[in-house]
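Me: Hello! Please take a close look at a single part of this model, the way its helices pack, and then tell me about the rest of the chain.

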Amino acid sequence: MLLKLKLSFLSYWHTGTGLGDGSGHDAAVLRDLHGLPYFPGKALRGILRNAVEKAQTLGWFSDLDDNLTSQLFGSSHLNASQDRLTASGNVFVSSAELPDAERNFLKQPENSALKNSLFSTVASTAIDEKTGSAKPTSLRTTEVVVPLELEAEVELNNQLTPGQIQQSIQAIELALPLIEHIGAKRTRGLGKVAIIMEIYNAG
């Protein structure tokens, strides 16, 4: 079972490399091999898990399996004779990328200027509480991506029963509204997002 997630960013957003880029940014945006922005599948899977866990804690899944979160995303446990072990889950999440048509268009060399227009820069500085002015050498610049739409695939393990698949779809769909911001520097207003899901392939 394949599901499609559509991530509509409503503000600038940042998923970083952890490094600067040598062109004036203290924090650079993560890019794929074609220089296009994307959101890593591993991070997106973690965000989905947190949302499902939160929804379950809030009692939104009263009619669903109590072990639904661990069934979907796996679980960790301690064994007296072993180190910490992790049980694998049944949800596989791809990285979120631009839709195929846009990716193919922007990958063309003649469209490099348009590709560059996907990125911008925001600056921030620390304020001295006593003087109310900027602290020396505190200016930081962050590369960001403009608001746009990305798509990701969510695959449910075909070993799940039809009932488990239906519960999984219901749980993820119920939890999505809890995801309001993703990526880095959310406390600075970056990464506001709306995510919707649709069934992509029921085979």
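**The helix pair, and what surrounds it**

Reply: Helices α1 and α5 are roughly perpendicular to each other, a label given to angles of 65 to 115 degrees, with under 35 counted as roughly parallel, over 145 as roughly antiparallel and the rest as oblique. Before going further, please note that this is a predicted model, in which local features need pLDDT of at least 70 and side-chain atom pairs count only at pLDDT 80 or more, while totals for chains, interfaces and linings use all residues. Residues are numbered from 1 along each chain as its sequence is written, and side-chain values use heavy atoms, leaving out hydrogens and water.

Two packed helices are described by the angle between their axes and the distance between the axes. Here the axes of α1 and α5 (residues 162-175) cross at roughly 90° and come within 9 Å; axes are lines fitted to C-alpha atoms, for helices over the stretch in contact, and angles run from 0 to 180 degrees between N-to-C directions. On the α1 side, the contact is made by Ala51, Val52 and Ala55, and on the α5 side by Ala171, Ile172 and Ala175, where contact means heavy atoms within 4.5 Å.

Next comes the loop between α1 (41-57) and α2 (68-73), which holds Trp60. Helices (H or I, at least four residues) and strands (E, at least two) are DSSP runs, numbered from the N terminus. With a relative accessible area of 41%, Trp60 is partly exposed; buried means under 20%, exposed over 50%, and partly exposed in between (1.4 Å probe, protein chains only). Trp60 joins Leu58 and Leu174 in a nonpolar surface patch with about 290 Å² of accessible area together. Patches take residues with over 30% relative accessible area and no salt bridge, joining like charges within 9 Å and nonpolar side chains (Val, Leu, Ile, Met, Phe, Trp, Tyr) within 5 Å. The areas come from the Shrake-Rupley method with a 1.4 Å probe, and for residues only the protein chains shown count as cover.

Stepping back, the protein chain has five helices and eight strands, arranged along the sequence as β-α-α-β-β-β-α-α-β-β-β-α-β. Of its 203 residues, 39% are buried. Among contacts between residues at least 6 apart in sequence, 69% join residues at least 24 apart.

Side chains of opposite charge can pair when their charged atoms come close. The structure holds six salt bridges, each a side-chain nitrogen of Lys or Arg within 4 Å of a carboxyl oxygen of Asp or Glu. One of them joins Lys4 and Glu151 at 3.8 Å, N to O. Lys4 lies in strand β1 (residues 2-9) and Glu151 in strand β7 (residues 149-156), so this pair ties together parts that are 147 residues apart in sequence. Lys4 is buried at 15% relative accessible area, whereas Glu151 is partly exposed at 21%.

Another bridge runs from Lys6 to Glu198, with the closest N and O atoms 4.0 Å apart. It links strand β1, home of Lys6, to strand β8 (residues 193-201), home of Glu198, across 192 residues. Both ends are partly exposed, Lys6 at 21% and Glu198 at 34%.

Finally, Asp32, Glu97 and Arg103 are linked in a network of salt bridges. Within that network, the closest N and O atoms of Arg103 and Glu97 are 3.9 Å apart. Arg103 is buried at 11% relative accessible area, while Glu97 is partly exposed at 28%.
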